[in-house]
Amino acid sequence: MNQWPSWLPLRQNLQELSPYGAPQLPAEAVMNTNENPYPPSAALAKAIADRISDVALTLNRYPDRDAVVLRTKLADFINGLSKTRFTSSNVWAANGSNEIIQSLFMAFGGGAALGFTPSYSMHPLIAKVTQVQWLNGNRREDFTLDIDSAIEQIQRDKPTLTFITTPNNPTGSAVTIEEIEKIAKSTSGLLIVDEAYAEFSDEISAVTLIEKYPHVVVIRTMSKAFAFAGVRLGYLIADPAVIDAMFLVRLPYHLSALTQAAAEVALDFKNELLGTVAQLRVDRDRVAAQLSEMGLTVIPSASNFLLFTGFDMPSAQLWQAMLDRGVLIRDVGLLGYLRVTIGNEAENTKFISTLSVCLGEK
């Protein structure tokens, strides 16, 4: 914990916190932040550079405050995936899904927020920063979500915001569309469905529920399957009333002209960018099988990462031993578990061989 100087009027409820962040350390295989390991093609990089070059000529002007072109392209993308009829009025874009989460708390955080942990650690952290009461809901021992229990918790606590993360981070488990609808029927506040890893799953997106259940709100991102983490572009799909509320709390001109331009080009190249998803899913299953063959227990995953356990040393010790040999994975704070992002073929091979060496030296 930081020792803050006495003259600094930092809010009391923040003084005990540590900043969020996965370690950014040099390693031969960086497999700790659930990025897509495949970089943009030369053609895409050139298309982005050309578009940025055009935009650069008008950087003396503010960007489109409402990002209408980008939001329209995002609506078209979602419609192509889900056979919905969304328009830009159903979409809000921001600097990564984290800004969206923060804005939801700022707009609708008058009551409590409920999430089922372990899940995305930024949900409770942003709640605390925005001074919204956070309630930790329960999961089963295998980290899956017990729908009936979740509904009981929702009806007991009556949160303003309920978070469902599917596939769940850091565990990888998914929630079916039927289960989400069952929860939606039992929720009086907003039901926030965080689908950051949806493209890696076979489940139907919760965007298909919005027309029937306008209190369902879906968060997605271009950072994972889209292989666009460096741009920082998240987006929200919701009833237009929710989008209107986002404009009340957003900062003016929050999404730069450069970000908008790069994301618009990426959506034109969506088939290329999403073309690596099938390979990553195959590799995920292959790595999971290899971990099982080593005698480890792997949590079934519908995402681009695996949570595993069954090793005989403290997780922090194994994490450090892997890093010492050039492989950076993630200690997510679950006792006895570590998480690995699926990488390219060379990274996956190095991960398995290094892990075998580390476990053999216990």
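Let me begin with what I mean by a cavity: on a 1 Å grid over the protein atoms alone, a cavity is a set of points where a 1.4 Å probe fits but cannot get out, a pocket is an open set with protein on both sides within 12 Å along at least five of seven lines, and lining residues are those with an atom within 4 Å of a point. Grid points are joined across faces, edges and corners, and a volume is the space filled by probe spheres set on the points.

What we have here is a predicted model, in which local features need pLDDT of at least 70 and side-chain atom pairs count only at pLDDT 80 or more, while totals for chains, interfaces and linings use all residues. Residues are numbered from 1 along each chain as its sequence is written, and side-chain values use heavy atoms, with hydrogens and water left out.

Now to the cavities. There are two of 30 Å³ or more, and the largest holds about 60 Å³ of space. Among the residues that line this largest cavity are Thr166, Pro167, Ser201, Glu203 and Ser205, and by class its lining divides into four nonpolar, three polar and two charged residues; here Ala, Val, Leu, Ile, Met, Phe, Trp, Tyr, Cys and Pro count as nonpolar, Asp, Glu, Lys and Arg as charged, and the others, Gly among them, as polar.

The second largest cavity has about 40 Å³ of space, and its lining has five nonpolar, five polar and no charged residues. At least two residues of that lining come from each of β3 (113–116), α4 (122–129) and β5 (161–165), where helices (H or I, at least four residues) and strands (E, at least two) are DSSP runs, numbered from the N terminus.

Let me stay with Ser201, which lies in the loop between β6 (190–194) and β7 (216–221). Is Ser201 buried or exposed? Ser201 counts as buried because its relative accessibility is 12%, and buried means under 20% relative accessible area, exposed over 50%, and partly exposed in between, with a 1.4 Å probe and protein chains only. Its side chain reaches the backbone nitrogen of Glu203 at 3.0 Å. Leaving out residues up to four places away in sequence, Ser201 touches Pro167, Ala174, Arg281 and Ala302, a contact being heavy atoms within 4.5 Å.

Turning to the pockets, the largest has a volume of about 960 Å³. Its lining is made up of 38 residues, and those nearest its centre are Tyr20, Thr33, Tyr120, Lys224 and Arg330. Helix α3 supplies the largest share of this lining, three residues. The second largest pocket has a volume of about 220 Å³; 14 residues line this second pocket, with Leu81, Ala198, Glu203, Ser205 and Arg220 closest to its centre.

Helix α3 (residues 96–108) also holds Leu104, which is buried, since its relative accessible area is 0%. Beyond its neighbours within four places in sequence, Leu104 is in contact with several residues, including Leu161, Ile192 and Leu236.

Finally, consider strand β2 (residues 91–94), both faces of which are covered, with Val91 and Ala93 buried on one side and Trp92 and Ala94 buried on the other. Strand β2 runs antiparallel to β8 (residues 234–237), and four bridges join them, two strands being paired if DSSP finds at least two bridges between them. Within β8, Ile237 is the bridge partner of Val91.

Key: Polar contact = N/O pair within 3.5 Å; in protein donor to acceptor, adjacent residues only side chain to side chain.
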